Amino acid sequence: MYPSPQRARTMNRSLLNYAIALVVIPIALLLIGVRLSSGASRTGDGPVAAPTFGYELVAAPTEDTAVFAGGCFWGVEAVFDHVKGVKRAISGYAGGQLTNPSYEQVSTGETGHAESVEVIYDPSQVSYGKLLQIFFSVAHDPTQLNRQGPDHGTQYRSAIFYRNAQQQQVAESYIKQLTTAKTFSRPIVTQVAKLSGFYRAEEYHQHYLEQHPNQLYIVINDKPKLVALKKQFPDIYTD
């Protein structure tokens with residue numbers, strides 16, 4: 001269901017869907033079968049190495065928040081929706097100057113915001129380090145600058161928005177670890193920035209994959225991320 005006045009990207013993607021269907025859908029469907037990870041800049045279909053610290057669980061149930069940006073928020077949200085210990089994953093906007101921006105404003109690329117996902121989780125079940133490992137393994141390709149797949153612009157940049165010094169330390173250390181290990185064939189361009197605010201996106205963006213599982217954009221770009229999550233992290237994958 002697409003609310004009428006709002007959806008520049010939906011309209012653009014609908015046109016793209018028709019083009020793909022007419023021209024390259026056989027190739028696309030073949031690629032779906034082999035695309036087990038969004039990390040095209042690395043080889044192998046296993047997860048990246050776990051962080052050397054920030055991976056430990058806390059003793060008692062509690063609640064914490066992480067914010068990630070990795071291209072279109074539909075697929076990133078869907079990944080974290082299927083992680084055990086995540087209570088809620090919310091699509092929204094972070095990293096910009098405008099308070100409570102709209103999708104149309106963010107889509108211009110002029111507000112400084114990135115399409116982001118707020119992950120509310122129980123650190124007694126899943127650690128911040130584990131969320132980072134999932135983020136770098138299956139949620140997006142951290143070597144793509146200001147883009148993911150067919151989406152281009154600073155609003156689609158790779159970013160980790162930290163809430164405190166501990167999250168900053170874990171994130172920066174992990175990127176350094178992955179870089180030193182040459183995990184990716186290209187440099188990691190993920191931004192690590194202080195969270196200045198998170199703004200929930202319009203309601204039609206929430207749980208988009210769940211509501212539109214057969215949309216061609218979702219089938220090609222986002223469903224493979226769930227396949228990769230289930231394969232690489234079977235112990236923490238949940239339906």
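Q: In this predicted model, where is Lys182 found, and is Lys182 buried or exposed?
A: Lys182 is found in the loop between helix 6 and strand 7. The residue has a positive phi of about 55 degrees although it is not a glycine. Exposed means over 50% relative accessible area. Because the relative accessibility of Lys182 is 70%, the residue counts as exposed.

Q: Which class of exposure does His207 fall in?
A: His207 lies in the loop between strand 8 (198–200) and helix 7, and has a positive phi of about 55 degrees although it is not a glycine. Buried requires under 20% relative accessible area and exposed over 50%. At 35% relative accessibility, His207 therefore counts as partly exposed.

Q: What is the handedness of the crossover from strand 6 to strand 7?
A: Strand 6 (residues 158–162) and strand 7 (residues 191–194) run parallel and are joined by four bridges. Within this pairing, Ile160 stands opposite Val192 of strand 7. Between the two strands the chain passes through helix 6 (residues 165–180), and the β-α-β crossover is right-handed.

Q: How many residues of strand 3 are buried?
A: In a regular strand, side chains alternate between the two faces of the sheet. On one side of strand 3, Ala114, Ser116, Glu118 and Ile120 are buried, and on the other side Glu115, Val117, Val119 and Tyr121 are buried, so both faces are covered. Strand 3 (residues 114–121) is therefore largely enclosed by the rest of the structure, and its buried count is eight of eight.

Q: Which residue of strand 3 is the bridge partner of Tyr93?
A: Strand 2 (residues 86–94) and strand 3 run antiparallel and are joined by eight bridges. In strand 3, the partner of Tyr93 is Glu115.

Q: Which residue in strand 3 does Val67 stand opposite?
A: Strand 1 also pairs with strand 3, in the antiparallel sense and over five bridges. In this pairing, the residue of strand 3 opposite Val67 is Glu118.

Q: Is Thr65 buried or exposed?
A: Thr65 is found in strand 1 (residues 64–70). Leaving aside neighbours within four places in sequence, Thr65 is in contact with Glu118, Val119, Ile120, Tyr121, Arg163 and Gln167. The cut-off for buried is under 20% relative accessible area. Because Thr65 has 14% relative accessibility, the residue counts as buried.

Q: Which helix gives the most to the largest nonpolar core?
A: The largest nonpolar core has 48 residues, and those with the most contacts inside it are Phe68, Phe80, Leu131 and Phe136. Eight residues of this core come from the helix that gives the most, which is helix 5 (residues 128–139).

Q: Which residues does Leu131 touch, not counting residues up to four places away in sequence?
A: Leu131 is among the residues with the most contacts inside the largest nonpolar core. With residues up to four places away in sequence left out, Leu131 touches Ala66, Phe68, Phe80, Val83, Val86, Val119, Tyr121 and Val126.

Q: How many residues does the second, separate core have?
A: Ile90, Ala114, Ile120 and Ala193 are included in this second core. The core is separate, and its residue count is 10.

Q: What kind of aromatic pair do Phe68 and Phe80 form?
A: A search of the whole structure finds eight aromatic pairs. Phe68 and Phe80 form one with centres 5.3 Å apart and 20 degrees between the planes; Phe68 is in strand 1 and Phe80 in helix 3, 12 residues apart. Both count as buried because Phe68 is at 0% relative accessibility and Phe80 is also at 0%. Planes under 30 degrees apart count as stacked, so the pair is stacked.

Q: What kind of aromatic pair do Trp74 and Tyr217 form?
A: The pair links helix 3, which holds Trp74, to helix 8, which holds Tyr217, 143 residues apart. Trp74 is buried because its relative accessibility is 2%, and Tyr217 is buried because its relative accessibility is 4%. The centres are 5.7 Å apart, with 90 degrees between the planes, and the pair is edge-to-face.

Q: Which elements are included in what covers the buried residues of helix 9?
A: In helix 9 (residues 223–232), the buried residues are Pro224, Lys225, Leu226, Ala228, Leu229 and Gln232. Their cover includes helix 3 (73–81), helix 5, helix 7 (208–211) and helix 8 (216–221).

Definitions and conventions:
Residues numbered from 1 in each chain as written. Predicted model: local features only at pLDDT ≥ 70, side-chain atom pairs only at ≥ 80, totals over all residues. Heavy atoms only, no water. Core = buried A, V, L, I, M, F, W, Y, C linked by side-chain atoms within 4.5 Å. Buried < 20%, exposed > 50% of the residue type's maximum accessible area, 1.4 Å probe, protein only. Contact = heavy atoms within 4.5 Å. Pairing = 2+ DSSP bridges. Right-handed = clockwise from strand over helix to strand, strands pointing away. Phe/Tyr/Trp six-rings, centres within 6.5 Å; stacked < 30°, edge-to-face > 60°.
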